[in-house]
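Thanks for coming. I have one structure to go through today, and I will take it piece by piece. Please look at the sequence and the model first.

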Amino acid sequence: IPSALLCRSDRGWAWMVLLAAVLLQGLTLGFPSCIGVFFTDLQHEFQASNSETSWFPSIMVAVLHGGGPLCSILVKRFGCRFAVMLGGLLSGVGMVSSSFCKSISQLYLTAGLITGLGSCFSFQAGVTALGYYFVRWRTLANAMASTGVSLGFTLWPLLSQYLLDEMGWRNTFLIFGGILLNCCVCGAIMRPVQLLSNGASSPHPELQQQTRRTACFQMLQKYLAFDIFCQNKGYQIYTIGVTWMMMGFALPHVYLVPYAIQNGVEERRAALLISVIGFINIFIRPLTGLLSGHRVFTGRRIYLFSLAVLLCGLSNFICITSAEFSVLIVYCVILSIAMSGIGALTFQVLMDVVEMDRFSSALGLFTILESITLLIGPPLTGLLVDITSDFHYVFYNSSFFLISAALFMGLSFCALEKKNKLKEASKVPLDNASRYEYNEMPTEPQCESQSPPAVVYITSI
């Protein structure tokens, strides 16, 4: 990285960029947490089933997580500031348009697709910009920025319930459109950083003459690492496990509020349940990140992650036993602790199983696959609830996917670790064994002079 950039990093305007990143994460990743507050009203307004209504938040979250490669291309072509501001504009327009929707299918397009894509652009481009402004303190900056998610989880449901009671869901969505436009303000703060390349030359003439098919293949290779998936057993196991886990992970977020309301909990208190999850996340998530960085967990973070997923799955049985408000509060506390572990460890474990020079590519395939199950999980469960008229199946389904994913990942990595030890004992050449070995890879810059990634897309859970 040029010395001119090092002089500007980690101080001065960088802290304003960090503040903007905190707000961005609260406005984007925290926003879907409030959709459950409107679930019952949207059902009554459009005479929609549970399955039909749940497609709305599912599309939003799936696009938010799966749009990473598209955002990366946008950032590389136009820069972080443009991508953040475009995302803010799309998010605002999507929510304003949704306030005029006449059918639930129109809501899929406006609040689901358009707002979801805008949130994806704003959030992921904001994380990338943070990487340019922080070098020495980049890990700390990302951890501080992630507190915005927890703040969003805490505040969005409370604000949603208040506005819903005062002026209805249509006017509330209109106000939300104006609030999300503040992403454009955050983007304006992220001034472009001029990277003064040392003798960098223009692309080789031969590269400029490649066929369109070859260029397409190279783009897929860069942003969707199928070769890593086929060759790296650790990445393969982890990607399959997390993708399966996502079928059940989002279900409580979508259905907890309508489940509580159906069982006689007052609407304001039901909305408070999601805020409790977010509030506890503010404190537990950073502690979990610090704990997982201790040398005791070196090479064992995948087992800590699997334990968090298992706890998340087991906690759902609390809701099955009782729907009393006090019991649901206990459930939210335990669920939030488990979610904090999952959120703090998801990408740390991914960095452990994939070499850092291919992390960006591995993350592209990872987020697209998990977005598919995030998309179909809630509607399929909603269909089951429509057929049975029993909300308990939400938590049965969630527990099944989470517990089975935790056991799959934990046992598979344990078997893989034993297999690698046997290979070492058999004196297998290191270059062959390392391809399949679950190793502890560095998760932060090794020195002050390491350059920030040109294009990074990171999601948060």
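Let me start with one residue, Met-16, which sits in helix α2, the stretch from residue 13 to 28. Before going on, I should say that this is a predicted model. How accessible is Met-16? Its relative accessibility is 34%, so Met-16 counts as partly exposed, because that class lies between 20% and 50%. Met-16 also belongs to a nonpolar patch on the surface, together with Trp-13, Leu-19 and Leu-23. Together these four residues have about 350 Å² of accessible area.

Now take another residue of helix α2, namely Ala-20. Is Ala-20 buried or exposed? Its relative accessible area is 1%, so Ala-20 is buried. What does Ala-20 touch, if we leave aside its neighbours within four places in sequence? The answer is Cys-186, Ile-189 and Met-190. Take Ile-189 from that list: along the chain, Ala-20 and Ile-189 are 169 residues apart, yet their C-alpha atoms are separated by 7.1 Å.

Ile-189 takes us to helix α10, which covers residues 182–189. Two packed helices are described by the angle between their axes and the distance between the axes. Helix α6, residues 80–98, and helix α10 have axes that come within 7 Å and cross at roughly 170°. That makes α6 roughly antiparallel to α10, because angles over 145 degrees count as roughly antiparallel. Which residues meet there? On the α6 side they are Arg-81, Val-84, Met-85, Gly-88 and Leu-89. On the α10 side they are Cys-183, Cys-184, Cys-186, Gly-187 and Ala-188. Cys-186 has come up before, as one of the contacts of Ala-20.

Next, the salt bridges. How many does a search of the whole structure find? It finds four, and I will go through some of them.

One joins Arg-170 and Glu-45, with the closest N and O atoms 3.2 Å apart. This pair links distant parts of the chain: Arg-170 is in helix α9, residues 147–180, while Glu-45 is in helix α3, residues 39–46, and the two are 125 residues apart. Arg-170 has a relative accessible area of 26% and is partly exposed. Glu-45, at 40%, is partly exposed.

Another salt bridge is formed by Arg-268 and Asp-165, the closest N and O atoms being 3.3 Å apart. Arg-268 lies in helix α16, residues 267–292, and Asp-165 in helix α9, so the pair ties together parts that are 103 residues apart in sequence. Arg-268 is partly exposed at 41% relative accessible area, and Asp-165 is partly exposed at 36%.

The next pair is Glu-417 and Lys-421, whose side chains meet in a salt bridge at 4.0 Å, N to O. Where do they lie? Both are in helix α20, residues 392–425, four residues apart, which is about one turn of the helix. Glu-417 is partly exposed, with a relative accessible area of 31%, whereas Lys-421 counts as exposed at 55%.

Finally, the protein as a whole. It has 21 helices and zero strands. Of its 461 residues, 53% are buried. The accessible surface comes to about 20,200 Å², and 65% of that belongs to carbon and sulfur atoms. Among contacts between residues at least 6 apart in sequence, 85% join residues at least 24 apart. The contact of Ala-20 with Ile-189, 169 residues away along the chain, is an example to look at in the model.

How values were computed: Residues are numbered from 1 along each chain as its sequence is written. This is a predicted model: local features need pLDDT of at least 70, side-chain atom pairs count only at pLDDT 80 or more; totals for chains, interfaces and linings use all residues. Side-chain values use heavy atoms; hydrogens and water are left out. Patches are made of residues with over 30% relative accessible area and no salt bridge: like charges are joined within 9 Å, nonpolar side chains (Val, Leu, Ile, Met, Phe, Trp, Tyr) within 5 Å. Accessible areas come from the Shrake-Rupley method with a 1.4 Å probe; for residues, only the protein chains shown count as cover. Buried means under 20% relative accessible area, exposed over 50%, partly exposed in between (1.4 Å probe, protein chains only). Axes are lines fitted to C-alpha atoms, for helices over the stretch in contact, and angles run from 0 to 180 degrees between N-to-C directions. Angles under 35 degrees count as roughly parallel, over 145 as roughly antiparallel, 65 to 115 as roughly perpendicular and the rest as oblique. Contact means heavy atoms within 4.5 Å.
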